[in-house]
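Visitor: I'd like a close look at one part of this model, the small open sheet in chain B. Could you walk me through it and then show me what else is worth a glance?

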Amino acid sequence: MLFDRVEEKNVTRAIVEEFSRMLAEHAESDVIIVGGGPAGLSAGRELAQRGVKVLIVERNNYLGGGFWIGGYLMNKVTVRAPAHRVLDELGIPYTEHSPGLFVTDGPHACSKLIASACDAGVRILNMTKVEDVVIRGERVAGVVINWTPVSALPREITCVDPISLQAKVVIDATGHDAEVVSALVRRGLMEVRGYSAMWVERSEDAVVEHTGEAYPGLIVAGMAVSTVYGLPRMGPTFGAMLLSGKRAAEAALKLLEGAEG
Amino acid sequence: MKVLLYSDAGAELEGVREQLEGIGIRAELRGDFLKRFAGEAGECARGLAGLRLGMPCSNSPRRPLPGEVEYERRVLAGECTPGGVVYHALLLQSYLRGFIPAHEAGLDVVHVVLTERLIATCDAGVPHLRVVVLGIPGLVSASGAVEAPARSREYHLARALMSEAAAEEVSADRLRQGDERLSRVLASYAVQVVFYQIFGEAFCNSAECMLYDSRWQHEVLRAQLSQKLCPKHERMLGRLRDAVQ
């Protein structure tokens, strides 16, 4: 036989025990990042590389968000300078299409970014949806989560109570949906502007420059920034997502320093 | 008459002053308007953040979000340049007017504020980007000169039917960020501010005159870039030259 003999019950125990251990360990994290797209992965990688305990909560089975595919279902993704330096950091090959515009292979870039975040120590909770936020002393102090399928089924057959995870800092990197921010908006704790029309040339700088703490304990990154501040949409170019993730990590480190200080 | 020229980071202050001097209008450089007149940067950041235009837009200031105030603080501190944010042109003008000291508030003192900020007026909930807003102070937007005048019909057709690259090819001759012709164009808009304040003449009907209210990029490149005046406004400029201190 090619493989060792392993009984089914031990396969089950291995899955349950490892998952339970990971979940128990991350009932409290330094940073919870909601959304495992390029901005969330970029932020998670930066933080984990600095020894921060990071959990990414992703509602889909897969990570990477829109980073697998460029635009119109074509799997070439573009970044504008200086974001190509992030591709260099990750060891992702690319070509310069025209001055300042770089193009790379979506699957290659996305898988490298995911691997790099995981290698740095980020832990992932996928198929998990954020339903609400934990508030302590007028600060966001965690998220309320449930299995993604629960929200897709009729309420009558899914009386599944959610559970909570705590964190010193939460990053909303859920794209235009801005799911964590939306939870605060539903509670009347925050208002948002909603994103504007696509304007590639002007939007990337604005998204990066607006990345930061939008509510005490909550940082917004990636296209969630656009939704919060009414910035233009970006279209199929990803440099701002990668740099916004890095900026969010810097902001989180500052908050963590403040919390410890 | 005195012309005072201000600029926030990046706008082509010295170049515009030189261009104005070439036309025969001597202007005093004043640096950044808000840094000169405003007190607490924090208060300014809050004020500016409330002047952003949303979609749909409105003609009232809005309560700024903390992140918007922080962004303005960073712009004022020179930590980043304004981009992707559109401000209500008339509210911004009114906000800045409040800082002009009484001894420089007379009609014989022309304040021209060059800005990197995008400015727009709001009509029935729809924002319209502007290059220039006449009045006190007069606002001239460098990024507006690139973005506000409409690009050619061919550009929009190529963009809709082909690609951005194809659109760029068919609209090769238009102003772009960092365009070396910008200071010349901005100087023409500064002249519009001066004419409006001194003579009450808002625009000229001649498409060859730099006071023409250009709506298209090709019109800007004809009227504002040429820096020519029609005979009537040339005569008025002569009177103006004599009046500038």
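Guide: Here is a walk through the sheet, followed by a few other spots in the two chains. Keep in mind that this is a predicted model.

Let's start with the sheet itself. Three strands of chain B make it up, in the order E3-E5-E6, and the sheet is open with mixed pairing. The edges are strand E3 (86-88) and strand E6 (126-130) of chain B, each of which pairs on one side only. Going from one strand to the next, the twist averages 45°.

Now zoom in on one pairing. E3(B) runs parallel to strand E5 (residues 118-123) of chain B, and three bridges join them. If you want a residue to click on, try B:His88: its bridge partner in E5(B) is B:Ala120. Helix H5 (residues 89-97) of chain B lies across E3, E5 and E6 of chain B, and runs at about 65° to E3(B).

Step back along the chain to helix H4 (residues 66-76) of chain B. Buried residues there are B:Gly67, B:Glu68, B:Tyr71, B:Glu72, B:Val75 and B:Leu76. After H4(B) comes B:Gly78, with a positive phi near 75°.

Another spot in chain B is B:Arg30, which sits in strand E2 (residues 27-31) of chain B. B:Arg30 counts as partly exposed because 17 other C-beta atoms lie within 10 Å. Leaving aside residues up to four places away in sequence, B:Arg30 touches B:Leu4, B:Leu5, B:Tyr6 and B:Arg36. From B:Arg30 to B:Leu221 you cover 191 residues in sequence and 28 Å in space, C-alpha to C-alpha.

What about the other chain? Where chains A and B meet, the contact takes 16 residues from chain A and eleven from chain B. On the chain B side, five of those residues are nonpolar, four polar and two charged.

Within chain A, have a look at helix H2 (residues 38-49) and helix H9 (residues 239-260): their axes come within 7 Å and cross at roughly 45°. That angle is why H2(A) counts as oblique to H9(A). The crossing of H2(A) and H9(A) is right-handed. Among the residues making the contact are A:Leu41 and A:Leu47 of H2(A), along with A:Met241 and A:Leu242 of H9(A). By class, the H2(A) contact with H9(A) has ten nonpolar, four polar and two charged residues.

Conventions: Residues are numbered from 1 along each chain as its sequence is written. Chains are lettered from A and ligands numbered from 1 in the order in which they are written. This is a predicted model: local features need pLDDT of at least 70, side-chain atom pairs count only at pLDDT 80 or more; totals for chains, interfaces and linings use all residues. Two strands pair if DSSP finds at least two bridges between them. Helices (H or I, at least four residues) and strands (E, at least two) are DSSP runs, numbered from the N terminus. Axes are lines fitted to C-alpha atoms, for helices over the stretch in contact, and angles run from 0 to 180 degrees between N-to-C directions. Two residues are in contact if their C-beta atoms, placed from the backbone, lie within 7 Å. Ala, Val, Leu, Ile, Met, Phe, Trp, Tyr, Cys and Pro count as nonpolar, Asp, Glu, Lys and Arg as charged, and the others, Gly among them, as polar. A residue is buried if 20 or more other C-beta atoms lie within 10 Å of its own, exposed if 12 or fewer, and partly exposed in between; C-beta atoms are placed from the backbone. Angles under 35 degrees count as roughly parallel, over 145 as roughly antiparallel, 65 to 115 as roughly perpendicular and the rest as oblique. A crossing is left-handed if the near helix is turned anticlockwise from the far one by less than a right angle, and right-handed if clockwise.
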